Amino acid sequence: MENYYLVIELPIEKQVSDMAAVTNALDKKQREWNSSNNTQVKAKITQFITSGVIREAAADKAVWSNVYKEAKETVENDLGNRLSIVAASLGGVLSQEDIENILGKYKYKKSVSLKYAEGIAERLGISLGGKEAEQEQQAKRRITLKDYEPESHVRFSAPAKQLQIVGCADYYEFLRKYSRLSDLPCKSVAFSQHTDSRKCAAAARDIEKAWSGKKEDSEKSAVDKVCDQIARFDSGDKASSQENYNKYLVWHAIKDIFSDFWSAMSLVEESKRAIDAKVKADMITRLTEVTADREASTQLLEEYCEEKKITLQKPLPSVGVCPFCENTFDKSGGTPERCPSCNRSFMLVCPRCGRQVNYAGKRECCGFNFDIYPMIERLCADAESFARSLDIEYAESLLADADRLWKGFPQTAQVRAVIDANKKLADSLLQSLNSAISEHRVYSAAREYEALKTKLPGYSDPVLENKINDQISEAERLFEQYKEQTSNAGRLRLLMQISAIAADFPDIDSLFGEMPLSQVARVTAEAEQSSGRISVKWDCQNEPGTAEYIVLRKADSPPVSADDGGAEVAACTSERAFSDGGAQTGQVYYYAVYAARGSRKSRLCACREPAVLFPRIKELTTVCGESTVEVSWEGSSGSTQCEVFRLDHGSEKRYGEGVRVIDVYDGGFKDTGLCVGTRYFYNIFFTVRSQGESFCSEPVCCSGFTVKMSSPVSFDAICAENGIYDITVTDGIEHGSDISFWLCESRCFAKGSSVPLMQLSKRLDIRRVHADEIIPGKYSVPIDKDDSGYLYAVSVRNNMAVMGDNIFAENLPLIPVKHLRNDSTSLHIELEQFPKNADMLFVIYRFDGYPESISDGTKLRINRSAYERENIIIKSLEERDYYISGFVRTGGEESTVFRALYKNSGRTELIYSFSYNVISGLRLNVRFIEENELPELSVRFLMGAIPVNDDLGAELCTVPAVSEKAKSFCINLSKLCDVKLHDNMYAKVFVKDPKEKGRYLPLLDEGKSPKLKGR
C-alpha cells in the first residue's frame, strides 16, 4: 500500500500535521492528476482523494504520526541506497551537484530538500565535496573543560543541598532509595545515567505522591524539591534535561579531581611545580573514569597544567606506565605482557574481533576504545558491593550494563559468581523467616528478622517488620483482656484468638493446660449428591470457640492416628461440622476428627461408614425408534461403573432387578430389540469397589416409548438466481405440512436417521430455513447472502425428526478483483477481500475459458496469511490470455468466489543486449524470431539493480519506431542520450503499449546483458 504522506508529496524533514496544509497538498495533487491522460494516474483521485482515506488518516494524530514515520524510514532507506550506489562509483565522495542530480531523478524529490539529502549522506559516512577543510579543522580541535560545562550551574545547585539532607549523592541514588522506601512498582528499576528520562520523571512524581500525606519536616521538604527537579527531565527544557544533569555530574567530578590535585600542587613553589609520568598517568586514569575518553582526559590535564604553570615531564621512550597501578616499567625490549609491579596482565581480548591486545601499548582495536576499562571496572566493583549487601536486583542490572558496554570483560565472571553465591545465601536465610511467618510463629519471626538484619547488612523490609510488630501488639492486647476475664469459656476463647495470631506466644501451652479438653465423639460423613460435597459432623462437649477441630480425610481406609501419613487435613475449624468440597467423584472416603488447643490434642475419632460421591446426571435425553430406546446425559462416569436395568413397570428401584442393558457407554446407553408401541422403564446405577466391598448409588429412573417413525423425504433441486432453490419432493409427499428444511454446516446426518426435534433445535451447527410451498410437493427455499451449507429435507412425527435427502446450497456473490498487475514475469492479483470464513483459496487458470472446478486447469493453493503477505501471484507468464477462477471448499463442496480475465496475447517478443566500446559508444542490439518492424522502445536505467517496472529508475532514452521489417536492428544509444555512463548502471528495455498512450510494457526477455559498461 502506498504511503499517504509521500503520495501528496509533503516535506519529509518535519512532520506536517496542519489540516490546512494537508488539504492544500491534496488539492494540488488532484489538479496534477486531472491533467494527466493516463487512466491509471487519474484513478488515484478516487483511490486517495474522493475516498477520503488521506483526510481520515491526517485527522487521527496517532495514525498520521505512524504514516509520517513510515514515510521517513522509506525515504531514508531508498534515498540512502541511491546515494551509496552513486558515491561508490565516484570514490566515496559526492558533490552538491551530484546530490542535486540524484534528487532530480528521485520519485519523492518534491518531499526531500538538498540539505536533508546531505544529512542522509553524512550519516552514511559519505564525504561531501568542499567540506574537507572544515572536517580537518574539527579533527584538530582540542578538548577543553568548557566542552563539559553544563547549560546552567545554578539549576542543580540548590537540589544538591537537598540531596545532602536525604543522604544521597545524586538523583539516581535518590530514586533507588526512595522508590524502595515508598514501596513503588518502579523499585525494580535500577536507576542510572542510562535510564530513560521519562521513567526517571514518572518515578519522581510517584515518590512525591507517596510522600504527600507525610508530616512536614526537613526530609519531606527535601524530597519534594528533589522530585520536582527530576520531574522536569521530560519537560522539554534543555537546561533541566537529564542530558544536562549528566553533563553536570561529569563536570563536577572533573572539577573535584582538579581541586584535589591543586590542593597538593599549591603547596609547592611555583618554579618547582612539576609532575612525572607516573602522576600524569594516575591523573589521566582518574579523569578517564569520568569522561570514558583517555585522549580527552590527556588534553584536559595538559590544558589545566598549562593554565596553572605546572610542568609535565615527558616520559622516556623506553619507559612505560602501567594503566592499573600507575607504576613505570622498562619497555626497551618491548612492552611486557604483565606489569612487573602489580603482576596484572596487560593482555585484553577485543570484544569485537576476539584478538588479544596489549593494553599498555595499544588503546584501540576495531574502533573499540579500551580506555573505558576503569569505568567498567568500577561498575563491576559496585555490582559486587551491592551483591554483598543483598541488593541482588540492582547488582544484576549494573553487571548487565558492564556486559553490554564490554562483552566478556575479565571481572564479570567473578562478579557473577559473587552475585549467585549471595543470592543463595539470601534465599537460605529468608527461608526460616518465611517458615515462621507461614506457621504464625510471630515471635520467632521477629527474632529471625533481627538476625537477618545482623547477618546481611543493608537488608530491610519495613512492611514485613510493621506486620510482625502489629501481630505481636495484637496478641499482647488480647492477653491483657485474658488476665481480666473471669469465666473459663471467655479465657479459652481469648487464648484461641491469641494462638491463631501468635502460635508461639510465651507459655501458651501451659495456659491451655489449665483448661480441660473434651474428646470428639460420633463422627458421621454423608455424601450430598446434589451439591457434590460431603457433609462431616461430630459431637464434643467443649464450649463453642474454645477448641480447634482438625478434620482428616483418607481414601479407602480410616485414619489410624493424627500423624497418619496416608491421610490429609481436609479442614481446621472451630465449628462442629464441615462441608468438604475437595472430595473426588468415585472415591471412597473415611473421615476422622480430633480437638486441639495449642500443642494439646484429644483422642482421634473416626467415622464408621465411609462416604462416596457418585457422578451427577444432568439433562437426560431420550431418543426412541421403532425398536430402540437410547438415553444420553451430560457428565462422565469417571472411575465408577455404570449399570442399567430394564423393567416393564416403574415401581421397582432395587439394584439388579430387571434385564441388564448390554450397550452402556460413558454418558448413555442404547437398548435394542424392543417392540413398537411399548413403554419401557430403566434404572441407572453407579457402583464403586474398594477393599473388596462394593458401594452403589441411588437409582436414576427414566422411561422410553417406542413409536412408528416417518419415512425419509427424497427430492430434486434446481438452483435459480440469487441463491433461491426450487425443490420438488419425489418421495414422502404424503408428509405434507410435516416437511421442513434445515441448513447444516456439515453433512453430519445420514438419510433416514432420527433425532428428537428438541435436540435438533438446540444444535448450533444447524438451523431451520424459510420455505415457500408453491403447490403440494414443490417448494422455493431462499438461502441468505454470504451463507452456505447442506440443505436437508426433514419430516417430523411424534416430535421425532427424520432426516431426508440433502444438497449443498450456497448464496456467495463473486468477490470483485481490485488490481491486475504485470511485472514482466509474473501476474499479481489483488481482490477486494479474501473470502470470508475460508482459510484456503484455490486459484485455477487456463487459456480457453473459465475453469468450472478445482481440477479444471492449473492450480495454485493460497492460504490467508500468504495472501495478506503478497496477494496472488501467477509466475512464468506466457503470451496468452489467462482465464482465472477462484474456489473455496466448504464441507467438502467447491464454491466459486471470483473470476478474472487477463489479456496477454499479441505482445512483441524480442531478444536484446547492450555492447560498449570507446569508439562507437553504447549500442542496443535487437533480434526478432521472425522479421518484424521495430516498435517504439524506452530504455530505462537504475544504479545497482535492474528496473523491473517502467516506474522505477530513470529513462536513458527513447528509441523511435522503424517501419521496415528485419530480423535484427543495431541502435547507437550514445547519439540518443547524453547521460554519463557508470559501471554500476543497469538497464532494461520497454516496448510502447499500443493501447494506452505514454505507457510502456516490459518485454518478456530481460536481455542477456542488462549491465551497461562505460567510463
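## Aromatic pairs, one helix and two strand pairings

Across the whole structure, a search finds 29 aromatic pairs. The model is a predicted one.

**Two ring pairs**

F258 and Y304 form one of these pairs, and their rings are stacked. The centres are 4.3 Å apart, with 10° between the planes. That angle is under 30 degrees, so the pair counts as stacked. F258 belongs to helix α13 (residues 242-265), while Y304 belongs to helix α15 (residues 294-307). The pair therefore ties together parts that are 46 residues apart in sequence. Both ring residues count as buried: F258 has a relative accessible area of 4%, and Y304 has 12% relative accessibility.

F645 and F685 form an edge-to-face pair. Here the centres lie 6.1 Å apart and the planes are 70° apart. Strands carry these two rings: F645 lies in β22 (residues 641-647) and F685 in β26 (residues 679-690). Parts that are 40 residues apart in sequence are tied together by this pair. F645 is buried at a relative accessible area of 3%. F685 is buried too, at 2% relative accessibility.

| Pair | Geometry | Centre to centre | Angle between planes |
|---|---|---|---|
| F258 and Y304 | stacked | 4.3 Å | 10° |
| F645 and F685 | edge-to-face | 6.1 Å | 70° |

**A ring cluster and two charges over rings**

Which residues do ring pairs link into a cluster? They are Y171, Y172, F233, Y245 and Y248.

Charged side chains also meet rings. K308 lies over the face of W262, 4.7 Å from the ring centre. R889 places its charged end over the ring of F842, at 5.1 Å from the centre of that ring.

**Helix α2**

Helix α2 covers residues 19-34, which makes 16 residues. At 1.5 Å a residue, the helix should span 22 Å. Its end C-alpha atoms are 22 Å apart, so the expected span and the model agree.

Which residues of α2 are buried? They are V22, A25, L26, K29 and W33. These residues cover an arc of only 100° around the axis, so they sit on the same side of α2. The face turned away from that buried side carries exposed residues: N24, K28 and R31. K29 is thus listed with the buried residues, whereas K28 is on the exposed face.

**The β11-β12 hairpin**

Strand β11 (residues 520-528) runs antiparallel to strand β12 (residues 533-540). Seven bridges join the two strands. At one of the paired positions, A525 has V536 in β12 as its bridge partner. The hairpin has four residues between its strands. In this hairpin, G532 takes a positive phi near 75°.

**A three-stranded open sheet**

Strands of a sheet pair through backbone hydrogen bonds, in either a parallel or an antiparallel sense. An open sheet in this model has three strands, in the order β38-β39-β42. Its pairing is antiparallel. Which strands form the edges? They are β38 (817-822) and β42 (872-875), each of which pairs on one side only. From one strand to the next, the twist averages 15°.

Five bridges pair β38 with β39 (residues 826-831), again in the antiparallel sense. V817 stands opposite L831 in β39.

Terms used
Residues numbered from 1 in each chain as written. Predicted model: local features only at pLDDT ≥ 70, side-chain atom pairs only at ≥ 80, totals over all residues. Heavy atoms only, no water. Phe/Tyr/Trp six-rings, centres within 6.5 Å; stacked < 30°, edge-to-face > 60°. Buried < 20%, exposed > 50% of the residue type's maximum accessible area, 1.4 Å probe, protein only. Lys NZ or Arg CZ within 6 Å of the ring centre and 35° of its normal. Expected span 1.5 Å × (residues − 1). Arc of directions from axis to C-beta. Pairing = 2+ DSSP bridges. Axes fitted to C-alpha atoms, helices over the stretch in contact; angles between N-to-C directions.
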